[in-house]
Structure formats: C-alpha cells, structure tokens
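Hi,

Here is the structure I promised to pass on. Have a look at it first, and my notes follow underneath.

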Amino acid sequence: MKLVDKRVFIAASPLRVYEFLTDAALLVEWMALTADLDPVPGGVLTWSHANGDSVVGTFVELVPARRIVFTFGWDRDDVRIPPSSTTVEIDLSPRDGGTELHLLHRGLPGPMADAHGGGWENYLGRLAAVAEGRDPGPDPLAHERVPAALELGIG
C-alpha cells in the first residue's frame, strides 16, 4: 500500500473550502458531474464523473472548517478499489489569509496511488480555482477512465 499526500494553498477561508468539499451543489462545480453528499458521520458520499466512473463512500469525521474524513472506492470491479475500501483525510488550516489543505489518501496499492495522486492533483487545483472565485476551465480528466487494476499490473 502507498499513501497519496497532497498539499495546496487556497486563497479562501477554511469554512469556504469546507463548504466546497461537503455541499453537493458546490462539489459539482470542480469535481464531478453529479454528487450526493450527506455530510454527517455515517452519511453517504457519492459522485460521478462525466466518464461514468463513480466514487462510493461514507463520511467518517467532520469538523466544520477543519477536517473531513471519508471512505472512498469505485463502483467498477475492474479497478479493484471497492466502495468504502480506502480512506481520505482532509485537514484545513488557516494560513496567510487563506487555507492550507492537506489531503492523505490511504489504502491504495502502489500503482493505483500514483494514478490517484495525479487525479487529486488535478481536482485540488480545480477546487482552489472555484473557492477563490476563478473559473477552473474544462476538466482535463473529465473523459479519462480510472485505470483498471490489470492495466497497472495489479493482479
């Protein structure tokens, strides 16, 4: 297993960033085509990308403007990351009039961690843009499918 570890500075308040991570209407502005979020411990978390791939998980911990923890997995068997099988931790810290976002995604096999690291890099940049009031532009990953495990040499 390998860890995805990403940090990004966002020129917006921690509360504003938190809202973009926990409100389905805001999440679709930067991450997905559709989303269903119930931001309470045990609440559902699903979103679907334009390519048809869907994330399925549940919220584990929510501290407004500070921390979000949720389980994460894909609805496609060939990806071999079943729904709710990995964990994403997001910490929000006030810094220089904005927010430092620190994301850890745990439980991914090495090659999958690398693939997801690139995805998180893309989407955290898009999150920063919308939270700062900028247009994130077209999503370069909108039509990229999540790689199947066999494509990455995971047997």
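Let me begin with a loop residue: Arg 80 comes out as partly exposed, because its relative accessibility is 42%. You'll find Arg 80 in the loop between β5 and β6 (86–95). Its phi is near 60°, which is a positive value in a residue other than glycine. Bear in mind while reading that this is a predicted model.

Ser 84 lies in the loop between β5 and β6 as well. Ser 84 is not a glycine either, yet its phi is positive at about 60°. With 33% relative accessibility, Ser 84 counts as partly exposed.

Next, the charges. The structure holds 14 salt bridges. One of them joins Asp 114 and Lys 2, with the closest N and O atoms 2.6 Å apart. That pair links distant parts of the chain, since Asp 114 sits in helix α3 and Lys 2 in strand β1 (residues 2–10), 112 residues apart. Both ends are partly exposed: Asp 114 has a relative accessible area of 48%, and Lys 2 is at 39%.

Arg 106 and Glu 89 also form a salt bridge, and here the closest N and O atoms are 2.7 Å apart. Arg 106 belongs to strand β7 (residues 98–108) and Glu 89 to strand β6, so this pair ties together parts that are 17 residues apart in sequence. Arg 106 is partly exposed at 37%, whereas Glu 89 is buried at 14%.

Then there is Arg 134, whose side chain meets that of Glu 132 in a salt bridge (2.7 Å, N to O). Arg 134 is partly exposed, with a relative accessible area of 46%, and Glu 132 is partly exposed too, at 27%. Elsewhere, salt bridges with shared partners join Glu 61, Arg 67, Glu 89, Asp 91 and Arg 106 into one network.

And which side chain of opposite charge is nearest to Arg 126? It is Asp 139, at 4.3 Å, and Arg 126 is buried yet has no salt bridge. The cut-off for a salt bridge is 4 Å between a side-chain nitrogen and a carboxyl oxygen, so the distance to Asp 139 falls outside it. What the side chain of Arg 126 does reach is the backbone oxygen of Trp 30, at 2.9 Å. Leaving aside neighbours within four places in sequence, Arg 126 is in contact with Glu 29, Trp 30, Pro 136, Gly 137, Pro 138 and Asp 139.

Arg 126 is part of helix α3 (residues 110–131). The 22 residues of α3 should span 32 Å at 1.5 Å a residue, and the end C-alpha atoms are 31 Å apart, which agrees. After α3 comes Gly 133, with a positive phi near 85°.

Last, the aromatics. The count comes to five aromatic pairs. Trp 47 and Phe 72 make an edge-to-face pair, 6.1 Å centre to centre with 65° between the planes. Trp 47 lies in strand β3 (residues 44–48) and Phe 72 in strand β5 (residues 67–72), so the pair ties together parts 25 residues apart in sequence. Trp 47 is buried at 4% relative accessibility, and Phe 72 is buried at 2%. Phe 72 also pairs edge-to-face with Trp 74, at 5.5 Å centre to centre and 90° between the planes. Trp 74 counts as buried, at 6%. Trp 47, Phe 59, Phe 70, Phe 72, Trp 74 and Trp 120 form one aromatic cluster.

Cheers

Conventions
Residues are numbered from 1 along each chain as its sequence is written. This is a predicted model: local features need pLDDT of at least 70, side-chain atom pairs count only at pLDDT 80 or more; totals for chains, interfaces and linings use all residues. Side-chain values use heavy atoms; hydrogens and water are left out. Helices (H or I, at least four residues) and strands (E, at least two) are DSSP runs, numbered from the N terminus. Buried means under 20% relative accessible area, exposed over 50%, partly exposed in between (1.4 Å probe, protein chains only). Lys and Arg count as positive and Asp and Glu as negative; His and the chain ends are not counted. A polar contact is a pair of N or O atoms within 3.5 Å; within protein, one must be able to donate a hydrogen and the other to accept it, and residues adjacent in sequence count only if both atoms are side-chain atoms. Contact means heavy atoms within 4.5 Å. Rings of Phe, Tyr and Trp (its six-membered ring) pair if their centres lie within 6.5 Å; planes under 30 degrees apart count as stacked, over 60 as edge-to-face and the rest as tilted. The expected span of a helix is 1.5 Å times one less than its number of residues.
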